[in-house]
Amino acid sequence: MEKLQSLRGMVDLLPAQTALWQRVENEAREQFRRACVQEIRTPVLEVTELFARGIGEATDVVGKEMYTFLDRGDRSCTLRPEGTASVVRAAIQHGLLSQGPQRLWYAGPMFRYERPQAGRQRQFHQIGLECLGFADARSDVEAIAVAWDLLTSLGIQGLALELNTLGSSEDRVRYREQLVAYLQQHRDHLDPDSQDRLERNPLRILDSKNTDTQAVLVNAPTLADALAEESRDRFEQVRAGLDALAIPYTLNPRLVRGLDYYSHTAFEITSTQLGAQATVCGGGRYDGLVEQLGGPVTPAIGWALGMERLVMLLGQQDASTPPDLYVVSRGQSAESAALLLTRSLRLAGMRVERDPSGAAFAKQFKRADRSGSRWAAVLGDGELERGVVRLKPLREVAEELELPLKDLGAIQQVLRTR
């Protein structure tokens, strides 16, 4: 029989890896709590129209990368390729916007049919922030600050913030005409993907990594030159806010986001630890998306970070938490007492691992040492007869201790103070 394996680009997270994932998730949850951001959970499966209307049919995501199929009711369904459209749909559907501005965060799997590579799988995971109903430039600064502080709190090194403005929709229409007119003159020097985007989504050409295309873009008109005065003033307010918070940034006039709904502020946070795949967080303002999906006119800003890339950055660190105590026992009565001791200490808040093998003490001690615990609790028939438990230090040269088996307080005090 053929051995069953996971689909390409769908990766299992094994116990040895999940400690890092939990660390990121727990830190994100704490940072959002401090910022008064509430969690929202949306389905992984949505109607295809949500992403076609929200992300844009001309984007690579909708045109090439979505997992789309007909269900048994002949409805076109799509596994969500990103989180923003789903959050906005939920806010509209459940009337959240009528309750005032919303600070929401989400975490979970997304799906895109791309060539798998390091830090990018077909099922990937994101943590994201969506602030709906916030119009002023200070909201942009606050959203960026939450992302920056989260990454800093995780100990990510070599962080850099790249910043740009995409202006208003009117600015982009004006700039699109200028850019297309210029690129048409150099069409033969563009790579095939950029030639295709010239008709569908010309602003995405600015993000091309092709060296020939980059050479053409050196003399291309810039979006900054097409901005209205109001858009320029708004961007200056964002920059001033970041300066006030001492968050360093560099201007990147070629920075564009891959989805159609962005406007005004766009940003990416990168890390020098990741080489070519440097971006760990990206986002921006999307003032027209809520209305585009059938809701009221609602300004908004958000971002998402990729869990896989964050875990790559943290992979050199030991995120596992060893148990406070490793319990070894031998003999039927002793093993029953060990189970009772284990559960009692767990209920008291301790991390306790029990060896269930009943093997010789020497083998159990080897496993206790590998667990990383500082202490082993030893229970055999002799200890049980005396009503004691032996606490054996595993990480330092010290004497063993004998404590009353029923005195949980004394056992906990040793584990917490020594």
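**Two helices, one cavity and a few unusual loop residues**

Ala246 turns up in the loop between helix 9 (229–244) and strand 8 (250–251); helices (H or I, at least four residues) and strands (E, at least two) are DSSP runs, numbered from the N terminus. The model is a predicted one, where local features need pLDDT of at least 70 and side-chain atom pairs count only at pLDDT 80 or more, while totals for chains, interfaces and linings use all residues. Residues are numbered from 1 along each chain as its sequence is written, and side-chain values use heavy atoms, with hydrogens and water left out.

Back to that loop. Most residues other than glycine have a negative phi. Ala246 is not a glycine, yet its phi is positive, near 60 degrees. At 64% relative accessibility, Ala246 counts as exposed (buried means under 20% relative accessible area, exposed over 50%, and partly exposed in between, with a 1.4 Å probe and protein chains only). Cys36 also has a positive phi, of about 60 degrees, without being a glycine. Its place is the loop between helix 1 (15–34) and strand 1 (38–39), and Cys36 is exposed too, with a relative accessible area of 60%.

A loop residue can be tucked away as well. Glu114, in the loop between strand 5 (102–111) and strand 6 (123–132), counts as buried at 18% relative accessibility. With its neighbours within four places in sequence set aside, Glu114 is in contact (heavy atoms within 4.5 Å) with Glu65, Arg120 and Arg122.

Next comes helix 5, which runs over residues 137–153. Its 17 residues reach 24 Å from first C-alpha to last, close to the 24 Å expected at 1.5 Å a residue; the expected span is 1.5 Å times one less than the number of residues. Since 12 of those 17 residues are buried, helix 5 is largely enclosed by the rest of the structure. Among the buried ones are Ala137, Val141, Ile144, Trp148 and Leu151. At the start of helix 5, a side-chain oxygen of Asp136 comes to within 3.0 Å of the backbone nitrogen of Arg138. Just past helix 5 sits Gly155, with a positive phi of about 85 degrees.

Helix 5 also matters for the empty space inside the model, as it gives the most to the lining of the largest cavity, with four residues. Here a cavity is a set of points, on a 1 Å grid over the protein atoms alone, where a 1.4 Å probe fits but cannot get out, and lining residues have an atom within 4 Å of a point. The count comes to one cavity of 30 Å³ or more, and the largest has a volume of about 70 Å³, the volume being the space filled by probe spheres set on the points, which are joined across faces, edges and corners. Strand 6 and helix 5 are the elements that give two or more residues to this lining. Residues lining the largest cavity include Ala35, Arg103, Cys131 and Glu142.

Helix 12 (residues 332–347) has 16 residues that should span 22 Å, and its end C-alpha atoms are 23 Å apart, which agrees. Its buried residues are Ala334, Ala337, Ala338, Leu341, Thr342 and Leu345. Seen down the axis, they fall within an arc of 145 degrees, so they line one face of the helix; the arc is that of the directions from the helix axis to the C-beta atoms. The face turned away from this buried side carries the exposed residues Gln332, Leu340, Arg343 and Leu347. The partners that the buried residues of helix 12 pack against include strand 12 (325–329), helix 14 (381–386) and helix 15 (408–417). After helix 12 comes Gly349, whose phi is positive, near 100 degrees.

Notes
A polar contact is a pair of N or O atoms within 3.5 Å; within protein, one must be able to donate a hydrogen and the other to accept it, and residues adjacent in sequence count only if both atoms are side-chain atoms. On a 1 Å grid over the protein atoms alone, a cavity is a set of points where a 1.4 Å probe fits but cannot get out, and a pocket is an open set with protein on both sides within 12 Å along at least five of seven lines; lining residues have an atom within 4 Å of a point.
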